[in-house]
Amino acid sequence: MYELTKQFRFDCAHTLERTIDAEGSRRIHGHSYRAEVTLRGRPDPVSGMIIDTALLARKLEQARDALDHRFLDEINDLGPGTMENLCAYIWRKLEDEISNLYSVAVLRDSTEDRVTYFGTSGA
């Protein structure tokens, strides 16, 4: 069994309703994020890869484009712009075409926060 992890970075803005540090969160503000997408599986006997890395790069670029330099409050199927929702959103963008998707993590390096989503595929 192998794991392949690929990262991409994106910057976006949002507002957030919360009870602690509420004032700053309600104002439009932005963050820089790093997403890590992990696949798990056995290599194809012909190619020797668990996925064609060009296909993976193409799919990750599509997910990145949907988030990078966007106002998250305007993305209909995201929900509040939390790291948890970002993980689930990226998962949904990838799950139909990447059958061995294992996890999606979103990291905010400036605060050393990380959230990992394992989805529902049973990978």
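Student: Before anything else, what counts as a salt bridge here?
Tutor: A side-chain nitrogen of Lys or Arg has to lie within 4 Å of a carboxyl oxygen of Asp or Glu. Keep in mind that this is a predicted model.

Student: OK. How many salt bridges does that rule give?
Tutor: The count comes to 10.

Student: Take R40. Which residue does R40 form a salt bridge with?
Tutor: With E3; the closest N and O atoms are 2.4 Å apart. R40 belongs to strand β2 and E3 to strand β1, so the pair ties together parts that are 37 residues apart in sequence.

Student: And R40 itself, how accessible is that one?
Tutor: R40 is partly exposed, at 30% relative accessible area. E3 is also classed as partly exposed, with 45%.

Student: What about K59, what does its side chain meet?
Tutor: The side chain of E97, in a salt bridge of 2.8 Å from N to O. K59 is in helix α2 and E97 is in the loop between α3 and β4, so this contact ties together parts 38 residues apart in sequence.

Student: Is K59 buried or exposed?
Tutor: Buried, with a relative accessible area of 11%. E97 is exposed, at 52%.

Student: And R64, what is its salt-bridge partner?
Tutor: D68, at 3.0 Å from N to O. R64 is partly exposed at 23% relative accessible area, whereas D68 is buried at 14%.

Student: Which residues are joined into a network by shared partners?
Tutor: R9, R34, E36, D109 and R114 are joined into one network by salt bridges that share partners.

Student: Switching to the sheet. What is the strand order?
Tutor: The order is β3-β1-β2-β4-β5, in an open sheet of 5 strands with mixed pairing. At the edges stand β3, residues 70-71, and β5, residues 113-117. Each has a single partner strand, so one side of each is left without a neighbour in the sheet.

Student: Remind me, what do strands of a sheet pair through?
Tutor: Backbone hydrogen bonds, and the pairing is either parallel or antiparallel.

Student: Then β2 and β4, parallel or antiparallel?
Tutor: Antiparallel, over 6 bridges; β2 spans residues 29-41 and β4 spans residues 101-108.

Student: Which residue of β4 does T38 stand opposite?
Tutor: T38 is opposite S103. Another such pair is E36 with A105 in β4, and E36 also belongs to the salt-bridge network mentioned above.

Student: How many bridges between β4 and β5?
Tutor: They pair over 5 bridges, in the antiparallel sense. One position to look at is V104, whose bridge partner in β5 is Y117.

Student: What sits between β4 and β5?
Tutor: The two strands form a hairpin with 4 residues between them. In that turn, E112 has a positive phi of about 60°.

Student: How many residues of β4 are buried?
Tutor: 7 of its 8 residues, so by the cut-off of under 20% relative accessible area β4 is mostly covered.

Student: Now the helices. Where does α2 lie?
Tutor: Helix α2, residues 53-67, lies across β1, β2 and β3. Its direction runs at about 20° to β1, which covers residues 2-14.

Student: And α3, which strands does that helix touch?
Tutor: Helix α3, residues 83-94, packs on the sheet and touches β1, β2, β4 and β5. The direction of α3 makes about 145° with that of β4.

Definitions and conventions. Residues are numbered from 1 along each chain as its sequence is written. This is a predicted model: local features need pLDDT of at least 70, side-chain atom pairs count only at pLDDT 80 or more; totals for chains, interfaces and linings use all residues. Side-chain values use heavy atoms; hydrogens and water are left out. Two strands pair if DSSP finds at least two bridges between them. Contact means heavy atoms within 4.5 Å. Axes are lines fitted to C-alpha atoms, for helices over the stretch in contact, and angles run from 0 to 180 degrees between N-to-C directions. Buried means under 20% relative accessible area, exposed over 50%, partly exposed in between (1.4 Å probe, protein chains only).
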